[in-house]
Amino acid sequence: MAFRMLYGQFEYWVMLFGLTTAPAMFQSSIENCLRPYIADFAVCYLDDILINSRNEKEHEEHVRQVLQ
């Protein structure tokens, strides 16, 4: 969580008490978005998405699908 002011952008060094479930909620939303691809060619953990492909052409198509 960050906020901007006249003097720049400021971020907390620790997660706020009200945001203690933020990582779990983010993981859940990423899994919901990538659900059709998780068992097929994608693996996700928080902000990391690994895409496994057999060749470069297939990899380009998989990346395109994930980014859509």
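Here is a short walk through this predicted model, one selection at a time.

**Stop 1: the whole chain**

Start with everything shown as a cartoon. You should find two helices and four strands. Trace them from the N terminus and the order reads β-β-α-β-β-α. The protein is more spread out than a compact globule, because its radius of gyration is 17 Å, well over the 11 Å that the globule rule gives for 68 residues. Turn the view along the principal axes, and the C-alpha atoms fill a box of roughly 45 × 25 × 15 Å.

**Stop 2: the surface**

Now switch on the surface. The accessible area comes to about 6,100 Å², and carbon and sulfur atoms own 58% of that. Of the 68 residues, 13% count as buried. If you like colouring by charge, there are 5 positive and 9 negative charges to pick out, and the mean positions of the two sets are 5 Å apart. As for contacts with a separation of 6 or more, 11% of them come from residues 24 or more positions apart.

**Stop 3: Gln-27**

Select residues 22–38 to light up helix 1, then pick Gln-27 inside that helix. Is Gln-27 buried or exposed? Its relative accessibility is 14%, so Gln-27 counts as buried. Which residues does Gln-27 contact, leaving aside neighbours within four places in sequence? Show Cys-44, Tyr-45 and Leu-46, and you have them.

**Stop 4: Leu-50**

Move on to strand 4, residues 48–51, where Leu-50 sits. Leu-50 counts as exposed because its relative accessibility is 53%, and the cut-off for exposed is over 50%. Beyond residues up to four places away in sequence, Leu-50 touches Phe-41, Ala-42 and Val-43. For a quick distance check, draw a line from the C-alpha atom of Leu-50 to that of Gln-68: they are 18 residues apart along the chain and separated by 15 Å.

**Stop 5: His-62**

Finish in helix 2 by selecting residues 56–67 and zooming in on His-62. With 11% relative accessibility, His-62 counts as buried. Which side chain makes a polar contact with the side chain of His-62? Show Ser-53 as sticks: the two side chains meet at 2.8 Å. Then add Phe-41, Ile-51 and Asn-52 to the view; along with Ser-53, these are what His-62 touches once residues up to four places away in sequence are left out. You've already met Phe-41, as one of the residues that Leu-50 touches.

Note on methods:
Residues numbered from 1 in each chain as written. Predicted model: local features only at pLDDT ≥ 70, side-chain atom pairs only at ≥ 80, totals over all residues. Heavy atoms only, no water. Rg over C-alpha atoms; globule rule 2.2 N^0.38 Å. Buried < 20%, exposed > 50% of the residue type's maximum accessible area, 1.4 Å probe, protein only. Contact = heavy atoms within 4.5 Å. Areas by Shrake-Rupley, 256 points an atom, 1.4 Å probe, with all protein chains shown as cover. Lys, Arg positive; Asp, Glu negative; His and termini not counted. Charge placed at Lys NZ, Arg CZ, Asp CG, Glu CD. Polar contact = N/O pair within 3.5 Å; in protein donor to acceptor, adjacent residues only side chain to side chain.
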